[in-house]
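Visitor: I would be grateful for a close look at a single part of this model. Please begin with one residue and follow its surroundings outward.

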Amino acid sequence: MKLLKLACIILLLFFSACTVPLYVAVPVDYTAKLNLRPDSTTIVLINQFDLSQAKITNLKKLNVIKAGAIAAINYAGLELGQLPHVKVINLVDSAGLALNTDSVKLTALKYKANYVLALKNFTADIGLSEIANYTSYYNTNTAVDFVLYESNGIYHRDLKGTAVDAQSEQPYFGLLPTLLIHPTVKGNKQSIKTSAEHATENALQDYFPYTITHNRPLYNDAIFLPAIKEIQAGNLDKADSLLQPFLQDKVPQIASKAAYNLAVVYESEGDIDAAIDLAQQSSDKYRNEFATAILAELKEE
């Protein structure tokens, strides 16, 4: 009888080792990394980007760069205006993009502002990204440089952002023609403006909540399938109750797998501390690569 029981355990472990893991998407919501004032906040937008320093002689290209800079500032206003209790005052001349040389402190005082956001620089170009299947692919590349000043005009935070957006493709006729005949900044105002908005979003991202979706593997041994069905259905409490008994299983591998699957459940619920605890239990019971991988990522979160 003991030999039969041992043989059954060995077979169970063998088939468990051969089981292909099932993957589940786990979206995890995070709060903003940086915060403004908790109560009513006023932000003034100004332009401190000296377009003449860009040394662009082509008038059409100059106008496109100007349009991109204005798009970046306007989009910053729209984004920040979505934050709770935030009022935005945009002082930027959307026609001429005049350089604001006023004192930041005096500007904040004049408009009773808590912060002043200044655009310091904006760049854009269109470059060859790759050549594949006799086709040349181009990207729009933009970069913005903002500075967020507090009302005293002294304390500040640099907010830099970049964007790389697919722009166009064309037949490949050789390296030299590809380098000489390609999309230009002056002929692509709209793509520059759109990419400028994306770069601005990148610059301000730390002030907004965000979501990261992890593609987590699950141990889908037959004994775990009822719990997995509940996970897939979004019934995480039910999955929790189904997995809990396996944590005490006498077979270390089974207890370890149950602990790992439960770690994924807790991560899905947003309880990162509990997820770390169960992932560590999984690793302690029987070291496995799934637990090692999730532990490393959870501890960074």
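In which element is the place of phenylalanine 146?

Guide: In this predicted model, the place of phenylalanine 146 is in strand S5. Its relative accessible area is 1%, and because the cut-off for a buried residue is under 20%, phenylalanine 146 counts as buried.

The surroundings of this side chain come from several parts of the chain. Not counting residues up to four places away in sequence, phenylalanine 146 touches Ala72, Ile73 and Ala76, the run Leu117, Ala118, Leu119 and Lys120, the run Arg157, Asp158 and Leu159, and finally Thr200 and Ala203.

These contacts may be set in a wider frame. The largest nonpolar core has 39 residues, and Phe146 is listed with Leu117 and Phe122 as those with the most contacts inside it. The elements that give two or more residues to this core are strand S2 (41–47), helix H2 (59–80), strand S4 (115–132), strand S5 (135–150), strand S6 (156–171) and helix H5 (189–204). Helix H2 provides the largest share, nine residues. As a general tendency, nonpolar side chains in soluble globular proteins are buried together.

Helix H5 also holds serine 195. This serine has 0% relative accessibility and therefore counts as buried. Leaving aside neighbours within four places in sequence, the contacts of serine 195 are Thr140, Thr142, Ala163 and Asp165. Serine 195 and alanine 71 are 124 residues apart in sequence, yet their C-alpha atoms are 9.3 Å apart in space.

Two loop residues deserve mention for their backbone geometry. Histidine 85, in the loop between H2 and strand S3 (86–90), has a positive phi of about 65 degrees although it is not a glycine. At 55% relative accessibility, histidine 85 counts as exposed. Leucine 97 lies in the loop between S3 and helix H3 (104–110), and its phi, near 50 degrees, is likewise positive in a residue other than glycine. Leucine 97, however, has 5% relative accessibility and so counts as buried.

A pocket may be added to this account. The second largest pocket has a volume of about 200 Å³. Of the 14 residues that line it, the closest to its centre are Asn35, Leu36, Arg37, Leu83 and Pro84. The lining divides into nine nonpolar, three polar and two charged residues.

To return to the cores, another one, of 34 residues, lies apart from the largest and includes Ala227, Ala239, Tyr260 and Leu278. A distance from the starting residue may be given here: the C-alpha atoms of phenylalanine 146 and phenylalanine 246, 100 residues apart along the chain, are separated by 53 Å.

Ala239 belongs to helix H7 (residues 236–243), where Leu236, Ala239, Asp240 and Leu243 are buried. These residues lie on the same side of H7, because they cover an arc of only 105 degrees around the axis. The buried residues of H7 pack against helix H6 (225–232) and helix H8 (252–268).

Among these buried residues of H7 is a charged one, aspartate 240. At 15% relative accessibility, aspartate 240 counts as buried. Neighbours within four places in sequence aside, aspartate 240 is in contact with Leu262 and Tyr266. Aspartate 240 and leucine 262 are 22 residues apart in sequence, with 6.5 Å between their C-alpha atoms.

Notes:
Residues numbered from 1 in each chain as written. Predicted model: local features only at pLDDT ≥ 70, side-chain atom pairs only at ≥ 80, totals over all residues. Heavy atoms only, no water. Core = buried A, V, L, I, M, F, W, Y, C linked by side-chain atoms within 4.5 Å. Buried < 20%, exposed > 50% of the residue type's maximum accessible area, 1.4 Å probe, protein only. Helix = DSSP H or I, 4+ residues; strand = E, 2+ residues; numbered from the N terminus. Arc of directions from axis to C-beta. Contact = heavy atoms within 4.5 Å. 1 Å grid on protein atoms, 1.4 Å probe; cavity = no way out; pocket = protein on both sides within 12 Å on 5 of 7 lines; lining within 4 Å. Points joined across faces, edges and corners; volume = space filled by probe spheres on them.
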